[in-house]
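Colleague: I should like to learn how to read pockets, charged pairs and surface patches in a model. Could you take me through them in turn?

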Amino acid sequence: MLSAIKKFGNSAGVIIPKPLLSELGAQAGDDVDLRVENGRIVIERVARPVRKGWAADAQRLAAERDDGLVWPEFGNDEDETIAW
């Protein structure tokens, strides 16, 4: 599949067609590792930890007081008692 190197500001880039991204298991916004091997540019998807960012999101929700039970009738014994 042919493509062209395009200018992006002071840098350059290559548009990666959707079928190639799908084959790689990647999508726009994913992190990739770039390196040169034997005169070729290798682009490899970086697997993020499944729960990356969850701790920061939980802290933000707690600070915004938006961390209450969504379905309080299904709470656990350890859950904080909330007066609805």
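Modeller: The dialogue below takes up the pocket, the salt bridges and the nonpolar patch of this predicted model.

Colleague: Let us begin with the pocket. How is empty space found in general, and how much space lies in the largest pocket here?

Modeller: Rolling a probe the size of a water molecule over the atoms shows where empty space is left. In this model, the largest pocket holds about 610 Å³ of space.

Colleague: Which residues lie nearest the centre of the largest pocket, and which elements give two or more residues to its lining?

Modeller: The lining comprises 22 residues, and V14, I16, L34, I41 and I43 are those nearest the centre. Two or more lining residues come from each of β2 (11–14), α1 (18–24), β3 (32–37) and β4 (40–45).

Colleague: How do the lining residues of the largest pocket divide into nonpolar, polar and charged?

Modeller: The lining has 17 nonpolar residues, 4 polar ones and 1 charged one.

Colleague: Let us turn to charged side chains. What is the general idea, and how many salt bridges does the structure hold?

Modeller: Side chains of opposite charge can pair when their charged atoms come close. The structure contains 5 salt bridges. One of them joins D33 to R35, with 3.1 Å between the closest N and O atoms. R35 also meets E44 in a salt bridge, at 3.0 Å from N to O.

Colleague: Which residues are linked with R35 in a network of salt bridges?

Modeller: The network links D33, R35, E37 and E44. As for exposure, D33 has a relative accessible area of 34% and is therefore partly exposed. R35, at 28%, is also counted as partly exposed, as is E44 at 39%.

Colleague: What is the closest N and O distance in the salt bridge between R60 and E64?

Modeller: For R60 and E64, the closest N and O atoms are 3.5 Å apart. R60 is partly exposed at 40% relative accessibility, and E64 is partly exposed at 47%.

Colleague: Finally, which residues make the nonpolar surface patch, and which element gives the most to it?

Modeller: M1, I16, L20, V32, L34, V36, I41 and I43 make a nonpolar surface patch of about 810 Å². β3 and β4 each supply at least two of the patch residues, and β3 gives the most, with 3 residues.

Colleague: Where does L20 lie, and why can L20 belong to a surface patch?

Modeller: L20 lies in helix α1. Patch residues need over 30% relative accessible area; L20 meets that cut-off because its relative accessibility is 39%, and L20 counts as partly exposed.

Technical notes
Residues numbered from 1 in each chain as written. Predicted model: local features only at pLDDT ≥ 70, side-chain atom pairs only at ≥ 80, totals over all residues. Heavy atoms only, no water. 1 Å grid on protein atoms, 1.4 Å probe; cavity = no way out; pocket = protein on both sides within 12 Å on 5 of 7 lines; lining within 4 Å. Points joined across faces, edges and corners; volume = space filled by probe spheres on them. Helix = DSSP H or I, 4+ residues; strand = E, 2+ residues; numbered from the N terminus. Nonpolar A, V, L, I, M, F, W, Y, C, P; charged D, E, K, R; others polar. Salt bridge = Lys/Arg side-chain N within 4 Å of Asp/Glu carboxyl O. Buried < 20%, exposed > 50% of the residue type's maximum accessible area, 1.4 Å probe, protein only. Patch = residues over 30% accessible without salt bridge, like charges linked within 9 Å, V, L, I, M, F, W, Y side chains within 5 Å. Areas by Shrake-Rupley, 256 points an atom, 1.4 Å probe, with all protein chains shown as cover.
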